[in-house]
Amino acid sequence: MNLQVLLDVAAIALRALLPVYALVIIYQCFASARRHRRPEKPLVTLEILQTGQQIPVLFWENSIGRSKGSDIRVSDISVSRDHCVFLRRKEGWFVSDIGSKFGTFVNGERCEGRTKVILDDEITIGHTTLVLKRGEEYQERLRPSWFFSKASDKGALKPYKLMILITFFHLFMAVEACFSNEVKDFAPLYIFGAMEAVMWAFFCISSYALNRVNFELEALACFLSGMGVLMLVRQELRSAVVQLVAMAIGMILFAVIVRFIEDPDRVNSWRLWIMLGSVGLLAINLIFGRVQNGAANWINIGGVSVQPSEFVKVAFIFVGASALDKLQTKRNFIEFIAFSAICVGALALMGDFGTALIFFMTFLLIAFMRSGDFKTVILAIAAAAFAVFIILNIKPYVADRFSAWGHVWEHTQDSGGYQQVRVMTYMASGGLFGVGVGNGYLKYVFASESDLVFGLVAEELGVIVAFSLAAAIIALAFYARAITTRSRSSFYAISACCAAGLMVVQSALNIFGIMDLLPLTGVTLPFLSAGGSSMISCWGLLAFIKAADERTYAAKRRAPANALRERGAVS
Amino acid sequence: MKRIMTRSLVLWFITFAFLGGMVYLGGKTIWFHNDWVQQPFNGHMNTAGGLGKAGKIYDRNNLTLAYSENDERHYSDDQTTREALLHVVGDGTLNISTAVQSRYRTSLSGYNFILGAGIPDSLRPNSDVKLTVDAAACRAAYAAMDGHKGCCVVYNYRTGEVLCDTSTPSYDPAAPPQITEENMSDYDGVYLDNVVSSRFTPGSVFKIITAAAAIENIPDIDRMSFECGGSLDVEGNPITCESAHGTQSFSEAFANSCNCAFAQIAIQVGADQMKATAEKLGFNNDSFRMSDVPLVTSHYDATGAGDNYLAWSGIGQYEDLANPMLMAMICSCVANGGTATSPYIVSDDGNLVDKLNITVNKSKDVEMLASGTAARLRELMKGSAESYAYRGVSLAGLDFYAKTGTAEVGQDKEPTAWFVGFTNDEKHPYAFAAVVTEGGYGITAASPVVEAAIGALVNGK
């Protein structure tokens, strides 16, 4: 009897430890992300020939013009408000005119497109001439950032130690699943073994083959996806395997995208094809789509069900973001608006209103970051409201799907509130520390592993773990925003913020939907929800945030500096 | 880039909105976790896992009504006791929502939000609960129901303790029946504790309310006399008595339960004043509770219905519906000189209740009538109890005050029998109400149930 008490206390203690452990891991992921900040000094300096005034160049892409918001502001009446963009690439520094009235000249020659600039070259805009100088020649203290730690702060965990922490967390989950109330076998351990093999392989390839110095974003994604896989073990072993395979594919896609967008200009030449491909994918979906849960957003390719809209999410970010000099062109923006309209329209036609809303919110985010124009955003919202009004008038039954919203407790036995009330009941049953992996009842409710996974985690691992998942997504968004200030291109800045924004919106729709704060739209929770397409696309989105971190391509960073020096020596 | 950096703050805006939503939902989870857990579909609670480890339930004499052993729920050894207390104790399901095992399922099972429903046995807090009911009284009343549908409630009008609460039809919680389409009619309403959750056509017991309205609104009511020729024509529709009562005073009309007289009284009081008095006595009011179990709202409203319906409503027909517990409370109001005692069923004896975090909820007593009105009603009910019709009724020899009712329910059904009242005794101050549907006359069908219950309470088991 006393031994039993001791064992029970130990089990409870272990269960109570897990949420603390989860919080430690999430904290460590971001603690490590906050380190390694490049010393904040200007990259180069531009000297105004006429006055001798030195202007520090802080960013990889700088707008030059007369307007207040310009990165390099020139108060010269003959300079356009947005005159040109001065940007840095692997090959060195370039200047690119963005439709100024009187043109931009390098060493007296009017430039068309991007024109290379080397040390002591003269850039003439209006009556002002700027001379390119070295960065070291200018000293100024920069504004400190709340997000990044100071150099003196204690160092964060080494990536491999972080991975060990995560591995043990997953091991605890797997062991707990082995001793679940209903089924007792070692299948969870096999899945765990295979999963850790995939994760460690990814870690090794990333650090040794690809020479990436940091791993905290990947570690966070591994932590979350792994938790998702292990939640499936006691639900349906087969889907755990599928989820694991999707995770591996996601990691590959992640690495491919990070490599692909290493050159932010490469995206521009592929932009049209990405758009056409996405529209084609959505068209195929519309024609051959299979209706599942009231939305025809699935297609079957050789026995594998895929959700094309998930992949279009990644494409959407590609199309939305651009380098600073391309960003200003009207054509680029109009293409993006047209593409967005097609995507949202196609999704609405499929009946996948949740994903349509995610696209629309992301569109607003991108549109605002590009234009800074509230008018555009308000116009878009007005147009969307009008479209919703039309849909509700033509197809009034659409509204019925959301009729239980706000009073699900009156619909405990019909489809209107069946899932939501069970999520809340089982969340509360889980308590702070959960009933243990595999011991929950929510797993018998339809879509518990995908749409309702937040509730499943809350029931089996406890409310603390569930809420810390949301905290992880929130931290991801803060991180994405913090690194934009040091991004190498506006392409990265915009794509990282929007990828993070997309995940936040998606998480909000998911969690608020199942807890009746918003209508239930059936979108997935990033990384956690069962579903191969969703898992892969989340890793794809994460790649944009990864790429925005200036440390990602750190090994390559010395190259342009060297190039600059060599050229400078030659001239 | 500077501009994009500034604009990227919009991501903060979205993120803060999400954060705000999560904080709100977290608060909601903490605030409502008990309501969320306690759902009939909750797998942690409605299987053996829910009650298999739940605490014991005792009656007022520490007789064990339910206990758990080896992950199974057991009930009293005696089948009649099990069936008589089914609606008070509950069963393994949450079907009887007002039963202790349903309402306090989470507390009984040792659930708390910190450790959740997956708490190991050895760490489960002791969660026994003691009730105010007397098992012997319930058993006696249940047996006296003799298979009829209905209920009986007896409670102490000084303290509010509910001593007898039994409802039929019932079943054995140790062997719950499979309810199928064939036997459905036998189990009609089986999940309702009729004492708190049902309302019946009151018939003549409603004359207590009509009498109260008359006392308050017709100053010379006691100087009036009423003619009864066995039938009274109101707007072309006859209201009848069993036999012609002749000329009677107000008291005699009440003792005779004369329909013709009370039809006239109701018309004279008027629909608005009738409604006002009924509402003082708890009709159309959903705020009454037994412990924290809400009583179903009793109904009275004849405004705008015309004199004929008003007359019918005055003798407890028309659309009148009364809840048995409320009728017992009205009797307690008469017994207490105008104030109704609020009933409760979870005993505050010992520290069990504190541990369980269950509200004993002795709600505030309700002032229903002026003491003068109550005193006059008391006389009327005494007169009724001493009338010829009650000659065979004995409530363990105690001095008692009562009114019977025989409510017509139409559809070729036998009438619903009522017996309500109170005993006047220092040691046994009981207010009671019994309903036997399709039972026939109140005096023959319903009074034996109360006799059995009070007999058991006074004379012991």
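Which domains does the domain assignment of chain B give? The assignment gives domain 1 (44–131) and domain 2 (152–459). This is a predicted model, and everything below describes that prediction.

**Domains of chain B**

The C-alpha centres of domain 1 and domain 2 of chain B lie 32 Å apart. Their contact takes 23 residues from domain 1 of chain B and 24 residues from domain 2 of chain B. On the domain 1 side, α5 (79–84), α6 (86–89) and β4 (129–130) of chain B each supply at least two residues. The largest share of that side comes from α5(B), with four residues. By class, the domain 1 side has nine nonpolar, seven polar and seven charged residues.

**Contact between chains A and B**

Chain A gives 55 residues to the contact and chain B gives 36 residues. Several elements of chain A each supply at least two residues of the side that touches chain B: α1 (2–33), β3 (61–65), α10 (353–371), α13 (418–430), α15 (463–484) and α16 (490–514). Of the side of chain A that touches chain B, α16(A) gives the most, with eleven residues. By class, this side of chain A has 33 nonpolar, 17 polar and five charged residues.

The class counts for the contacts described here are set out below.

| Contact side or contact | Nonpolar | Polar | Charged |
|---|---|---|---|
| Side of chain A that touches chain B | 33 residues | 17 residues | five residues |
| Side of domain 1 of chain B that touches domain 2 of chain B | nine residues | seven residues | seven residues |
| Contact of α3(A) with α5(A) | twelve residues | no residues | no residues |

**A helix pair in chain A**

Helix α3 (residues 187–209) and helix α5 (residues 237–260) of chain A pack at an angle of about 0°. Their axes are 10 Å apart. Angles under 35 degrees count as roughly parallel, and α3(A) and α5(A) are therefore roughly parallel to each other. From α3(A), the contact uses Ala187(A), Ile191(A), Ala194(A), Met195(A), Val198(A) and Phe202(A). From α5(A), it uses Leu237(A), Ala240(A), Leu244(A), Met247(A), Ala248(A) and Met251(A). By class, the contact of α3(A) with α5(A) has twelve nonpolar residues, with no polar and no charged ones.

**A sheet in chain A**

Chain A also has an open sheet of five strands, in the order β4-β3-β5-β6-β9, with mixed pairing. Which strands are at the edge? They are β4 (72–73) and β9 (114–117) of chain A, and each pairs on one side only. Two bridges join β3(A) to β4(A), and these strands run parallel. Ile64(A) stands opposite Ile72(A) in β4(A). The strand β3 (61–65) of chain A is also among the elements that supply at least two residues of the side of chain A that touches chain B.

Terms used
Residues numbered from 1 in each chain as written. Chains lettered and ligands numbered in written order. Predicted model: local features only at pLDDT ≥ 70, side-chain atom pairs only at ≥ 80, totals over all residues. Contact = placed C-beta atoms within 7 Å. Nonpolar A, V, L, I, M, F, W, Y, C, P; charged D, E, K, R; others polar. Pairing = 2+ DSSP bridges. Axes fitted to C-alpha atoms, helices over the stretch in contact; angles between N-to-C directions. Parallel < 35°, antiparallel > 145°, perpendicular 65-115°, else oblique. Domains from an automatic or database assignment.
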